Amino acid sequence: MSPHSHPSLTDHPAPATRLTQTTTRLFGYYPGTVALVTAAHAGTRNVMAAGWHTALSETPPLYGVSLGRERATYPLIRASGAFGVNFLPLARADAIHGSGLHSAHDGTDKHALLNLPTLGEQPLALSGAYLHYTCRVTQVIPVGDHDLIVGHVQQVRFDPDAFDARGLLAAPPALYLGRSVYATLGADRHDTRPDGT
């Protein structure tokens, strides 16, 4: 055993092009927030759950979402050149999960079905989100079976009651653990900063 190996981990080398059945069950299942990505174009709208998303740059402010090209949201984003990224609290876990289960391909209006209204004239901002980004598409980068859609953040909306005085999230986030299970942070937090600020 190498000095860097961990005795409790099992190594499952994957073939060059596919994961094994075992590793497929584990791939991408790590605690994280699921963003609701919104898009609208020519009178059609959609909302979808995206587990693969991330901030990419602060200057300029760029945010990326990884989408399968077959998703109903994908052509709406490509046609409109814009998308929204919305974060909802644990209390809306059913709606978050439902956004990934249902499909607009069969004509379902997921906004209506899952009670996900938008904010007034803002078609990409979901009511009840503690944080929302409106993004203008700047790049679409093919990455295997998904495209990384890079957006320049045009607007940030947030619920001030969801954050504490230091700007830390106080609302209970919906953390996805995999296999349809959501959890949130407990009261125990470990602050690694010596002064706690």
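**View 1. Six aromatic pairs are found in a search of the whole structure.** The model is predicted: local features require pLDDT (the predictor's confidence in each residue, from 0 to 100) of at least 70, side-chain atom pairs count only at pLDDT 80 or more, and totals for chains, interfaces and linings use all residues. Residues are numbered from 1 along each chain as its sequence is written, and side-chain values use heavy atoms, leaving out hydrogens and water. Rings of Phe, Tyr and Trp (its six-membered ring) pair if their centres lie within 6.5 Å; planes under 30 degrees apart are stacked, over 60 edge-to-face, and the rest tilted.

**View 2. Tyr-63 and Tyr-133 form a tilted pair.** Their centres are 5.1 Å apart, with 50° between the planes. Tyr-63 lies in strand E5 and Tyr-133 in strand E9, 70 residues apart (strands are DSSP runs of at least two residues, helices, H or I, of at least four, numbered from the N terminus). Tyr-63 is buried at 8% relative accessibility (buried means under 20% relative accessible area, exposed over 50%, partly exposed in between; 1.4 Å probe, protein chains only). Tyr-133 is also buried, at 18%.

**View 3. Tyr-130 and Phe-163 form an edge-to-face pair.** The centres are separated by 6.3 Å and the planes by 70°. Tyr-130 is buried at 7% relative accessibility, whereas Phe-163 is partly exposed at 22%. Both residues belong to one aromatic cluster with Tyr-63, Phe-87, Tyr-133 and Phe-158.

**View 4. Thr-73 is placed in helix H2.** This residue is buried, with a relative accessible area of 0%. Beyond neighbours within four places in sequence, Thr-73 has contacts (heavy atoms within 4.5 Å) with residues including Val-37, Met-48 and Leu-67.
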